[in-house]
Amino acid sequence: MELTSVLKFLENRTILVTGATGFLAKIFVEKILRVQPNVKKLYLLLRAKDNKAALQRFNTEAVAKDLFKLLREKYGANLNTFISEKATIIPGDITCENLGVKDPNLVEEMWREVDVIVNIAATTNFDVRYDVALDLNTFGAIFVLDFAKKCSKLKVLLHVSTAFVSGEKAGLILETPYNMGETLNGTSGLDIDKEKKVLEETLKQLKVEGSSENSITSAMKELGIERARKYGWPNTYVFTKAMGEMLLGNLKEDIPLVILRPTIITSTFQEPFPGWVEGIRTIDSLAVGYGKGKLTCFLGDPKAVIDVIPADMVVNAMIVSMMAHADERGSQIIYQVGSSVSNPIDFTSLQDYGLRYFRENPWINKDGKPVIVGKVTVLSTMDSFHRYMALHYLLPLKVLEIVNTTLCQYFQGKYLELHRKINFVMRLIDLYGPYLFFKGIFDDMNTEKLRRAAKEAGIEIDVFNFDPKSINWEDYFMDTHVPGVVKYVFK
């Protein structure tokens with residue numbers, strides 16, 4: 001690993017970014033434009049029907065956001081000109097040959113010019129249709145790899161995956177590749193081609209039966225969960241990402257490949273400013289539910305370590321790693337970017353930060369009244385959870401249903417509200433259940449070696465900080481992350 005200046009590496013470089021309007025991708029693009037304006041070209045691939053729609057989408061979903069405010073302050077009215085000079089916004093689709101790019105001249109230009117490919121395009125929804133996830137997260141990765149093999153100047157392909165695994169895993173989870181057919185629970189028979197056939201046959205049968213689009217969507221979601229859990233993965237998202245990694249490792253040939261696995265990504269720690277976040281991201285669904293008074297109990301181990309990492313640290317690790325492994329023909333390295341080894345934080349601490357923050361800064365509901373929060377009842381076993389739900393919610397709901405029916409729907413509003421609260425909690429438990437008693441921690445020895453090498457080489461570690469040891473979790477959650485979630489996520 002030969003490290004030089006990251007800024008020098010980025011200078012005059014041509015980078016292709018897939019999924020350019022995604023959360024991490026936008027932070028990556030903003031960072032490159034801000035710290036190295038002498039980058040040669042950014043090809044930014046996103047889904048859109050044509051060039052005009054692609055440009056409009058990028059401007060609306062990226063440039064117009066607070067994320068780009070430092071660039072707006074620097075360039076003012078010239079920002080759009082600067083971006084148009086440095087970035088080519090391309091309508092495309094990684095589930096198609098040549099990434100869905102329609103212009104053959106542009107495709108040839110990219111094959112000639114691209115130095116680095118950063119594949120961030122994915123569906124990160126835990127509750128996603130199996131066909132959608134398999135297309136994007138598994139086979140989409142191979143379309144990106146095929147494109148990379150045609151890029152004559154390619155120095156490195158960086159593929160962003162995920163460190164999420166099943167709650168059944170315990171101990172130290174290593175930075176090692178998934179081999180073809182490998183499963184988390186030891187069940188044999190995982191075959192990616194077979195998964196595609198199972199999917200296609202199920203879809204065909206549903207259409208023969210004349211199923212509605214809603215029924216097909218539900219069936220596809222259930223199929224994904226069923227196939228994932230058969231082989232030890234908790235949900236469709238992580239299962240399809242793992243299969244994507246398997247295919248990349250098996251088919252990469254001499255392409256220098258970096259696979260980066262972030263843990264739970266949270267708001268920015270430092271750059272471009274603290275606390276920027278977008279969308280409800282994993283643990284933030286708990287913060288939203290709690291702050292709005294919808295979450296009064298939760299299931300989990302109070303001592304469990306929750307592995308979180310700020311988004312800007314993930315992006316910094318991406319940039320440093322792609323520089324570190326440029327031109328290493330045929331190599332494959334995996335970096336798990338998280339905090340559970342070097343700076344762990346437990347569930348109880350997160351609970352305490354949430355309680356303190358929302359007591360001091362209560363959410364004002366639609367009636368203009370502050371939502372008063374209390375300490376969440378943490379249930380440490382699934383049995384205790386079911387008893388709690390039966391006693392405190394399901395029994396009262398049943399009584400209310402009977403009374404409501406007797407009194408001609410007089411309590412319909414109250415009944416529906418209680419029903420919504422129960423569904424909210426049960427859905428969270430279903431989606432995040434496998435992680436609630438998670439006993440594993442994510443090995444980050446490769447990432448630590450990269451940090452040390454960067455420090456020893458004297459590269460710009462102040463500009464590209466990805467050391468979780470530099471985070472004071474209390475300050476971060478109380479003063480940065482939760483306020484950011486309230487500002488950008490609460491509706």
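These legends accompany close-up views of a predicted model.

**View 1. The largest pocket and the residues around its centre.** Let's start with the roomiest spot: the largest pocket has a volume of about 1000 Å³. Its lining comprises 40 residues, and F23, A122, T124, N125 and R281 are the ones that lie nearest the centre. Sorted by class, the lining of this pocket holds 21 nonpolar, 12 polar and 7 charged residues.

**View 2. Helices and strands that line the largest pocket.** Which elements supply at least two residues each to this lining? They are the helices α2 (23-35), α10 (236-251) and α15 (412-436), together with the strands β2 (41-46) and β8 (264-266). Of the contributors, α15 gives the most, with 5 residues.

**View 3. The second largest pocket.** Here you will find about 310 Å³ of space. The residues lining the second largest pocket are K292, G293, K294, W363, N365, K366, D367, V371, E417, R420 and K421. By class, this lining has 7 charged residues, alongside 2 polar and 2 nonpolar ones.

**View 4. Helix α8 and its two sides.** Helix α8 runs over residues 192-208, 17 residues in total. At 1.5 Å a residue it should span 24 Å, and its end C-alpha atoms are 25 Å apart, which agrees. I192, E195, V198, L199, L203 and L206 are the buried residues of α8. Looking down the axis of α8, these buried residues fall within an arc of 125°, so they line one face of the helix. What do they pack against? Their partners are α7 (130-149), α9 (213-230) and α10. On the other side of α8, the exposed residues are D193, K197, E201, K204 and V208.

**View 5. A cis peptide bond before P272.** Most peptide bonds are trans, which makes this a nice one to zoom in on. The bond joining E271 and P272 is cis, with omega about -5°. P272 sits in the loop between β8 and α11 (284-291).

**View 6. Positive phi at N98 and D327.** Most residues other than glycine have a negative phi. N98, however, has a positive phi near 55°, and this residue belongs to the loop between β3 (87-91) and α6 (104-113). D327 is not a glycine either, yet its phi is positive at about 70°; its place is in the loop between α12 (311-324) and β11 (332-337). Are these two residues buried, partly exposed or exposed? N98 is partly exposed, with a relative accessible area of 23%, and D327 is partly exposed, with a value of 41%.

Note on methods: Residues are numbered from 1 along each chain as its sequence is written. This is a predicted model: local features need pLDDT of at least 70, side-chain atom pairs count only at pLDDT 80 or more; totals for chains, interfaces and linings use all residues. Side-chain values use heavy atoms; hydrogens and water are left out. On a 1 Å grid over the protein atoms alone, a cavity is a set of points where a 1.4 Å probe fits but cannot get out, and a pocket is an open set with protein on both sides within 12 Å along at least five of seven lines; lining residues have an atom within 4 Å of a point. Grid points are joined across faces, edges and corners, and a volume is the space filled by probe spheres set on the points. Helices (H or I, at least four residues) and strands (E, at least two) are DSSP runs, numbered from the N terminus. Ala, Val, Leu, Ile, Met, Phe, Trp, Tyr, Cys and Pro count as nonpolar, Asp, Glu, Lys and Arg as charged, and the others, Gly among them, as polar. The expected span of a helix is 1.5 Å times one less than its number of residues. Buried means under 20% relative accessible area, exposed over 50%, partly exposed in between (1.4 Å probe, protein chains only). The arc is that of the directions from the helix axis to the C-beta atoms. Contact means heavy atoms within 4.5 Å.
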